[in-house]
Structures are given as structure tokens and as C-alpha cells.
Amino acid sequence: MLDKKFNFQDAEARIYARWEDGGAFKPSNAPGAEPYTIVIPPPNVTGSLHMGHALNDTLQDILCRFERMRGRSVLWQPGMDHAGIATQMVVERQMMERQEKRTDLTREEFVERVWQWKEESGGTILNQLKRLGASCDWSRERFTMGDPHDPDDQMVKAVIKVFVELYNTKKPDGTRMIYRDKRLVNWDPKFETAISDLEVENTEVDGHFWHFKYPLENGETYEFPIAHDEDGNPTTWETRDYISIATTRPETMLGDGAVAVHPSDKRYAPIVGKNCILPLAKRPIPIITDDYPDPDFGSGAVKITGAHDFNDYQVAKRNDIKMYILMDSKGRMVDEEWVPEKYRGMDRFEARKAVVTDIDAEGNLIKVEDKKIMQPFGDRSGVVIEPMLTDQWYVDAKTLAGPAIEAVESGKTKFVPENWAKTYFQWMRNIEPWCVSRQLWWGHRIPAWYGPDGEIFVAESEEQALCNAREHYDPDVAVEISPGDIPLSGGSTDDDESTTRETAYIAQDEDVLDTWFSSALWPFSTLGWPEETPELKKHYPTSVLVTAHDIIFFWVARMMMQGLHFMKEAPFPQVLIHGLVVDEHGQKMSKSKGNGIDPLDLIDKFGADALRFSLAAQAAQGRNVRISEPRVEGYRNFGTKLWNAARFCEMNECRPDAEFNPGAVKATLNQWIVHEANNCAADVTRELEAFRFNDAAGAIYKFTWNVFCDWYLELAKPTFMGEDEAAKAETRATAAWALDQILKLLHPFMPFISEQLWGGFAKRGDLITTAWPNADAALDNAGAAAEMNWVIDVITAIRSVRQEMNVPAGAKIPMVYSGDDETANRMERHQGVLSRLARLSEISAGAPPKGAVQIVHGEAIVALPLGGVIDIDAERARLEKGIAKAMGEITGIDKKLANKNFVERAPKEVVEEQHTRRADFEAEIGKLEAALVRLKGL
């Protein structure tokens, strides 16, 4: 006997453990089972479940459960990303709490600390995913850093092999696919590492524009126009012995290599090619022309600091301008000859203040302008990012991007919705070299060793690096790994100590690889590559990638590039991009706004099923998902509705019958529910195949709540309580069959309650591995559907009129109908149901009596004499008052929407709410006016 209500707190953990212990999540080995594979976007090892994860993993789980029930060999590959910066930050923060620093330890000791943290605290999110119901094959869990206890770990081997092969791959021009270069990068002074453009958040802040004079060398002067006529011709000039520049970062002027003006800017023509003197540093720098400066912006002259600005870097390269590195890894001014001694060792912002003060003291500060500026911040550190000229490792992303672009252009890989392909193309067609080195200790160490002569030995192992080095150096030179405390070259004594033999020491690169380098291999490294494993052969390429748009560049593009290069086939034929989860007002969730919702709190309160269905029901393509506690509570109530319907079926002895043939039922009511269930199966299947999760959820919701619970069970009550045993038996079996169909179709969305009910009605195998209910054309019954839907529509219309006309709920009213023979037959066959559910005192055929409300339904006219049931004058007054009130509300809303300040300044969601309210009031007026029209006939 089913409990009075579904106890999700008890059931979820118990059911999940049974699935996992029983191997339900493992790929099927059934003969002929086609593979279906999804790789989970690996969450950070530092992470915990948030709403974005909940949405992403709910959608993936729906697809996996759907295809598993359809007989596919489903592999949902789980795992985690080692998250280089984030993880190192977590462990360093813990050390700081104990008054320890990373540099107090050796590299090996610190990395061991990180592994300890990972074993003790990392990976919390995977257990949280289990609470959500994620049916991943946890036996195949992978970690991008591999297994520290396995020196031959395949995940590590994959990363190293990719690096080495790319390094050894030379293009026709002789350059390598991976190479080392000195280029400008985004530098995070807090973590002391390069970071990706995608890890930089540009934020508008209050800033300043400082305008400085750069004096011309040797007291040179020129005439500078300061007034112009209407046609833009100069009318007044002043003699200047300087050129004016403006900057938002005064400290960087110490590294200027030139001042640039546009070739067309005639104002500076007399001084182009001459030098100006850099204030404070007293260093002469040239005045050059370049297309970069905008003559109409500021003074039209731009300082060129090639080592600390991305635009300036390109100008410096084009014009062979020297680049001066000003700062160290912590953002402090360096101890170099081009930095005046006073500023050496200063923090960059401290130096900024000092530079402005000293330039002002020299008389070279023109003015300070308050200005909103875009400032780059590290998304992890929160500090201002500094463009820095450093030596880093790069991947030739442009070459790798070619096949990845072609794969989407040709349709081998499709984005859903397809408009996201434009975003992909825009980035891929303008892709820059990919900086893959990071100055961290936690991560895959770059497999490159440096010799004393600067030679680089890239190899898959230390032994291979030594072998390569020995081939490179003279046979008389001994080659060893540098212990780190001696120089790369030196001498060592032979065993007899009579001679000294030269030794060349090689040392491994201190840097580690960008986290996304290993994540890019996820679709094939997790399947065993570089080994030719059975899993790789069976499950690559995967079936679909499910992710949010914010990692198209971080992850999707990189997987496409690496998959095509190493596997010669795109890693997935479809990329499903879902929306973001926002609050009920459409605002992005954030800690600062205080509008974030913890999915685990909702699971604790309403159960995983309610959260999952709430997310899926709103996951329309191209739209964000609005989540709120009342919405989740509403879908918990949907589960309760289903549970109560199942208990009703159980109380009426509706039990599953393995021999039941839905195509053989005779009662029109049963033929109708079989028809509707069959249509629902077709709808849900079609929508899931097209990734329209909201439409699939809507179809099963409507069938469960409106068709099965509200109508079928209600219409079946007379049969359950009747004396016709044959009809009763058929209806019991049909109800049990229809309920089973619901549980199967609902399972991908609400796996726990569906599994509990499935096992509660009969002893049988788990629902998770039960066959999906495919639609069968033989079960279509248009006649039964037309008849029962006609009955339902008549009852609904009568109920609507009763409500509109304010007929007391308990009052029974007569009904007079007219129509053809089919109408009369239907009225006779369903007289009992119509009387009971429409609250009718009698049903008779005839012409509509005078003063009756009429309803036209197909060929039938239904008349309801209400004159003696309601107070017509009072009802008319009530309706007119309601119309006036609604019109008043619309007038108030229109005034708000006509207010330009309100529309422009109010939050978007507030303005949208006003439009929604207006539409609701218009609909209400329509209903009230229709009721007034009906009253006029009484």
C-alpha cells in the first residue's frame, strides 16, 4: 500500500543507491545497442553545486535517461577539472590561516598539500550531483590531473603526448604548432601568472585622464592650431615646445618607447621624426606616425608603451620601437636603468601617485580629467590585470581553428540553437595564439627541459629528455638533471678523481599548462586515449555536448580543435547551448545582489524531482530560466497530484497487467485515454529528440494533470463504483496501463517519484532500465478522442459560464440542448457524467428557452436558463464595477509607460511586469464584457 505522501527525504538516497549498486548507470552491453555518449562539463574540484550546474546536469540527465530507456548503450562520462588557479588559491588561503606561505614549502611539498586537500575536501560537487539524480557512470570518474599514485596515469600521458606531438609538428614554413615566444599577456599580480583574455572581466570604474607635456628635444618648437573656423580651418596658433599626451596609467609612461600621431594629422607634421624628452626618465623618444592614433580623440597624440599595453604592443612591433618592461611579477617597479631610482620597488599604484606628483612639480602636468574607464580585473583574484611582456608557451590556435571552423560550416557539428554558431565563428575566425603556460605550481608541468646553451628539449619523460640532450651535446659532455641548487653548466669529477669532466645540466620548465589545455582533451582522454581502448572506439565521437554559452570559447572551441587534430573527427555532432538561470525577475544571480538560490536548499525543501522539473519546464531554446521557490513548490505539488492519483488507482484495485492489450479496449473512455497517452508519448519523444525540454515537460505535465488526473479518473469513477464487472476490470487495467505510461514518460524529468511509484504497484525491474513507450499508430482512435473531448469541452464551457455569471457552486441548473442525431446520442450516453460534473438538475432536448444563456459547441447549442438562479441586476452591477476597476488599472499603467523617465530608468523586468499586468487586465475586461453580453439575453 502506498504511503499517504511521497517521502522524498527517505526515497531519494535509497533509490539512488539501488541504481548505482545495481549498475544501472553503466553502458549496456546488449547486442546491437547503439552508443549514446555525453561528457559532463568537468566542474572545478573546488566547486559546489550552483543553479547553473543544476540546469546543465538536469538536461544532460534527462537525455541520458531518455536514451537509456530507448535501448541505447548510454555513457555519461563524469569527472572533475583540477582548476589550476582556483585550487592553488584555496590551498594557499588555508595556509595563510595557519600563518604559512606557499614559498615556505618546496614545490613538491606544496603539490602534495594540494593532493591532500583534494582527497579530503575536493570533489564535493560530485556527491551533490548525485543528490540531483545525475545518472553518470561513476565507476569511470576521471580527473584532469590524473591519479597521483599511478606514475603511468593515462590522463597525464594524454596531456603530455598532446604537448609533445604539437611541439614536434612543423608547418610548411618550419614553425612549430607549440612554441615559446615573448609576447604581451594578461598578468595577474596577485597570483603572479599569465591568464587568458577570457579570464579577464572588464569593468567600468571611476578613473582619471592625466594630460602631460612631453618637452621636445633641444628646445624645438612648432606652431599648434588652437582655434578653427566653421569649415575646420585653423585660425589661431600657439607656439609649443612640447607634445601633449593623455593617459589613464601614468606609471607606465616610464616605459614609453615613442609618441605616435596619425599620418594625416597635419598639426604634428613639423615634429614627426623628431624626439621628445620623456619626463622624469629624461630619455629621448621618437615621434612617429601610425594608423592607430585617432586625430579626433584627445590631443591626437598617443604614448607608446609596448611592454604594457596591447594596442601599443602592436604599434611597437610595426615600427620596431623598443619595449621597456616596468614591473615585476607582483606589479612592483623593476630595478632597471630605464626606471628612475626613486620609483624602483614601488607598487604600481604607489608609483602612479609619485609620478603624477613629480611631473606636476616639473610643470609638465596640464590637467586631470575625471573619466569613466574600463578596467580589467582577474575573475579569480579580483585585482587589476597588468599587460606584461613575458616569455610564454603558445599554441598556434589559428592553424588548429581551420578544421574546427570547417566542421561547423559544413554541418558536421551543429549548434542548437543555430545562432550560437555566429558567436563561435566570430571568435574562431579572429583567434589569437593560445597562451598555454601558467606560472603556478598546481597543474600539468610543461614537459620541456632547458640546457645551458638555451636549447629546449621537449619530451614525454625525463628519461627521453636526457636522451635527447645527450644526442645534442658533445659525447664528452655528461648530461644530468639539474638538482635546482647548482647552475645549468659546471664540472664534475670522474670516479678516479684524476680528471674533471664537463657536465651539462638540464632543468625542467617551472610553468604548468593552462587548465583548459587538459580539458580540451576531455571527449577522448576520458575514454582512454592515447591507448586504443574499446571505450574510445565505441564512444568517440560523443553524441551531444550540453553546455552554457559562456564557455563556448573556453571549452567548446578548444575541444573542437584538439578533437579534430588528434582524432581526425569532431568530438560531437551537436552542441546544445542552454540559457542561464536567473531569478524570478530575470536578473542574473549574484552574491552582491543577494538573489542567489542554493539548489541544495531547494532539494532539501521540495525534493530533487521538483527542482529538476522546474528547470526543464522552462528550458526553452534561446531563453534564460527563471527560478524561484514558489515555482519549485508548484512542481512539488504536481508530484503530489500524481501521487494522490496513484493512490486513488491503488484503492480502486488498478494493478499493472503484463497481458493487457491497450488496442483491445472497448469502452470509449478507455479508448480515449489510450489514444491520449499514445499521443503524449509521441509528443514527448519528438520534443526530447529536438532538445525542446520545455515542450516535452509541458506535454507530460498536461497529460498527467489535466487529462489523466482531472478528467480520466473523474470520468472513470462511475465505472469503478458500478456493477458491470467486465467494464470495471477493463477500466482498472486501462488506468494502471495509463499510469505506467505516465511514469515512463515522466522518469527522465522526475526520476525518484516515478521510480518509487513504479515499484510500489508491482514487483518488477527498475523503471530506469524499462523500455521507453514508443508511439503506436494502431492505438490512435480519432472517434473516441472526438467524443470524449466533446464531452469535456461541454462540461468546461458550462463550468466557465457558471463562474462568469457567478452561479452559486452548489446550485444545480437545467440544461436544454439542440443539435443533430450525434449530439442527441452523445447527450444520452454521457448524461450521468454531464449532470454530475456540470452540476445540472436535468438535461432535455428542445429549442433554447427565452432568457437563457446560450453556448454554441460545434453542431450543438446548449442553453442554460439562469433567470431564476442569479440576481440579474446585482450581477450586472458586479460586472460593470469589475470592468471599471480593470480599466482604471490600465489607465494607471498607461501613465507609467508613457513616462519616459520610468521606461528608461526602471529595471527592465519592472517595465516588462507593467506590460504583463496590462495584458492581464485587458483579458479580464474581455471576460467580463462577454458575461455582460450574456446577461442582456436574460
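The accessible surface of the protein chain comes to about 42,800 Å², and 47% of that belongs to carbon and sulfur atoms. Accessible areas here come from the Shrake-Rupley method with a 1.4 Å probe, and for residues only the protein chains shown count as cover.

A quick word on the ground rules. You're looking at a predicted model, where local features need pLDDT of at least 70, side-chain atom pairs count only at pLDDT 80 or more, and totals for chains, interfaces and linings use all residues. Residues are numbered from 1 along each chain as its sequence is written, and side-chain values use heavy atoms, leaving out hydrogens and water.

**The whole chain**

The secondary structure of the protein chain adds up to 28 helices and 33 strands. Both are DSSP runs numbered from the N terminus: helices are H or I with at least four residues, strands are E with at least two. The radius of gyration is 37 Å, well over the 30 Å that the globule rule gives for 938 residues, so the chain is more spread out than a compact globule. That radius is taken over C-alpha atoms, and the rule is 2.2 Å times the number of residues to the power 0.38. Along its principal axes, the C-alpha trace spans about 115 × 85 × 55 Å. Of the 938 residues, 52% count as buried (under 20% relative accessible area, with a 1.4 Å probe and protein chains only).

**Strands side by side**

Strand β2 is mostly covered, with 5 of its 5 residues buried. S73, L75 and Q77 point one way from β2, while V74 and W76 point the other way. Here are two strand pairings (DSSP must find at least two bridges between the strands):

| Strands | Direction | Bridges | One bridge pair |
|---|---|---|---|
| β1 (residues 35–39) and β2 (residues 73–77) | parallel | 5 bridges | T37 and L75 |
| β16 (residues 386–395) and β18 (434–435) | antiparallel | 2 bridges | V395 and W434 |

β16 and β18 also belong to an open sheet of 4 strands, ordered β6-β5-β16-β18 with antiparallel pairing. β6 and β18 stand at the edges with a single partner strand each, so one side of each is left without a neighbour in the sheet.

**Two helices crossing**

The axes of helix α1 (residues 8–21) and helix α16 (residues 599–606) come within 8 Å and cross at roughly 115°. Axes are lines fitted to C-alpha atoms, for helices over the stretch in contact, and angles run from 0 to 180 degrees between N-to-C directions. α1 and α16 are therefore roughly perpendicular to each other (65 to 115 degrees). F8, Q9 and E12 of α1 make the contact with I603, D604, K605 and F606 of α16, where contact means heavy atoms within 4.5 Å.

Conventions:
Buried < 20%, exposed > 50% of the residue type's maximum accessible area, 1.4 Å probe, protein only. Parallel < 35°, antiparallel > 145°, perpendicular 65-115°, else oblique.
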